[in-house]
Amino acid sequence: RGARVGSYLAVTLLSGVFCFEWWSYNFLLVPRVLLSGRGHGVPSTCFSSWALVCGFNVSWALALWSYLRCAFTDPGRVPQAW
């Protein structure tokens, strides 16, 4: 029982790290650098800025999904004859 609570705590903490990463990118970096035109002289309507935003969010969602699938998958049992 204690190990199960500990594993759920670890999953919750790491999911929080994932969410903080998403929030800090989308609400701190994107408005200040990518969309303001201050990042390396890139204008705010530039396709590459939106491609970076979409690329990050797709990669983030796939990484979170992969982590959660791995964390909640039953690892199986070792057979008695092993």
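Contact here means heavy atoms within 4.5 Å. The structure is a predicted model, in which local features need pLDDT of at least 70 and side-chain atom pairs count only at pLDDT 80 or more, while totals for chains, interfaces and linings use all residues. Residues are numbered from 1 along each chain as its sequence is written, and side-chain values use heavy atoms, with hydrogens and water left out.

**Exercise 1.** Describe the secondary structure of the chain and the place and surroundings of Ser15.

*Solution.* Begin with the secondary structure, which comes to two helices and zero strands, where helices (H or I, at least four residues) and strands (E, at least two) are DSSP runs numbered from the N terminus. Ser15 has its place in helix H1. Next take its accessibility: with a relative accessible area of 17%, Ser15 is buried, given that buried means under 20%, exposed over 50% and partly exposed in between, with a 1.4 Å probe and protein chains only. Finally, leaving aside residues up to four places away in sequence, Ser15 touches Tyr67 and Leu68.

**Exercise 2.** Identify the residues of the largest nonpolar core and the helices that supply them.

*Solution.* A nonpolar core is a set of buried Ala, Val, Leu, Ile, Met, Phe, Trp, Tyr and Cys residues joined through side-chain atoms within 4.5 Å. The largest such core has eight residues, namely Phe18, Tyr25, Val30, Leu34, Val53, Phe56, Trp60 and Leu64. Helix H1 (2–34) and helix H2 (47–71) each supply at least two residues of this core. For one member in detail, Tyr25 touches Val30, Leu34, Leu52, Val53 and Phe56, when residues up to four places away in sequence are not counted. Across the whole chain of 82 residues, 17% count as buried.

**Exercise 3.** Work out which residues line the largest pocket, and how Ser7 is placed.

*Solution.* On a 1 Å grid over the protein atoms alone, a pocket is an open set of points where a 1.4 Å probe fits, with protein on both sides within 12 Å along at least five of seven lines, and lining residues have an atom within 4 Å of a point. The lining consists of Ala3, Arg4, Ser7, Tyr8, Val11, Ala71, Phe72, Thr73, Asp74 and Pro75, and H1 gives the most to it, with five residues. Ser7 lies in helix H1 and counts as partly exposed at 37% relative accessibility. As a last step, the C-alpha atoms of Ser7 and Ala71, which are 64 residues apart along the chain, are separated by 8.5 Å.
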